[in-house]
Amino acid sequence: MAKVGIVMGSDSDLPVMSKAAEVLEKLGVDFEMTIISAHREPDVFFEYAKNAEANGFKVIIAGAGKAAHLPGMCAAIFPMPVIGVPMKTSDLGGVDSLYSIVQMPGGIPVATVAIGGGANAGILAAKILSVSDPELLERLKAYSREMEEEVKAKAEKLDGIGYREYLKQMK
């Protein structure tokens, strides 16, 4: 089975990147997760990225904050899709990370999700893999139906009890 690599520059990124892992688990997609710093351990990073294809990875999800070089460097080395997840930062709120990931030079694209968008990165990785995996595509369709049902249930609840009571129950 195709694997997704989930890589982040720091354990502080784990709460966001774990959302990608949770989605992939729910959809039955194999993944491996690790922490690698492109800046602090470049040799380890280069080995990871150079060997990712041989290790069975078809997509890499890379999360990074501030200068956010990890996704772009993965894309420069790994020949398959890379999804960048910009991390919210204390300095600039994650806009610095977003710009660093989304503004890649021509020929080195990184698909980029919203700041802190770990779950969407997992869904996007699964959608990429589903192009050649009909069973995964069906699981994605079921996932979408589940989300639709959740929204319908919330709308019915709001219609039934009114917005004031709904707000009370949300707290």
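This report describes the sheet of a predicted model, the helices that pack on it, and one contact between two helices.

## The sheet

In this predicted model, five strands come together in an open sheet, whose order is E2-E1-E3-E4-E5 and whose pairing is parallel. The edges are taken by strand E2 (30-35) and strand E5 (111-112), each of which has a single partner strand, so one side of each is left without a neighbour in the sheet.

Within this arrangement, strand E3 (residues 57-64) and strand E4 (residues 82-86) run parallel and are joined by five bridges. Along this pair, Ile60 stands opposite Val82 in E4.

## Helices on the sheet

Helix H2 (residues 42-51) packs on the sheet, where it touches strand E1 (3-8), E2 and E3, and the direction of H2 makes about 165 degrees with that of E1. Helix H3 (residues 69-77) also packs on the sheet, touching E1, E3 and E4, while the direction of H3 makes about 155 degrees with that of E3.

## The contact of H1 with H6

Helix H1 (residues 14-27) and helix H6 (residues 134-170) have axes that come within 10 Å and cross at roughly 115 degrees. The two helices, H1 and H6, are therefore roughly perpendicular to each other.

On the H1 side, the contact is made by Val23, Lys26 and Leu27, whereas H6 contributes Leu136, Arg139, Leu140, Tyr143 and Glu146. Sorted by class, the residues in the contact of H1 with H6 are five nonpolar and three charged, with no polar residues.

Note on methods:
Residues are numbered from 1 along each chain as its sequence is written. This is a predicted model: local features need pLDDT of at least 70, side-chain atom pairs count only at pLDDT 80 or more; totals for chains, interfaces and linings use all residues. Side-chain values use heavy atoms; hydrogens and water are left out. Axes are lines fitted to C-alpha atoms, for helices over the stretch in contact, and angles run from 0 to 180 degrees between N-to-C directions. Helices (H or I, at least four residues) and strands (E, at least two) are DSSP runs, numbered from the N terminus. Angles under 35 degrees count as roughly parallel, over 145 as roughly antiparallel, 65 to 115 as roughly perpendicular and the rest as oblique. Contact means heavy atoms within 4.5 Å. Ala, Val, Leu, Ile, Met, Phe, Trp, Tyr, Cys and Pro count as nonpolar, Asp, Glu, Lys and Arg as charged, and the others, Gly among them, as polar. Two strands pair if DSSP finds at least two bridges between them.
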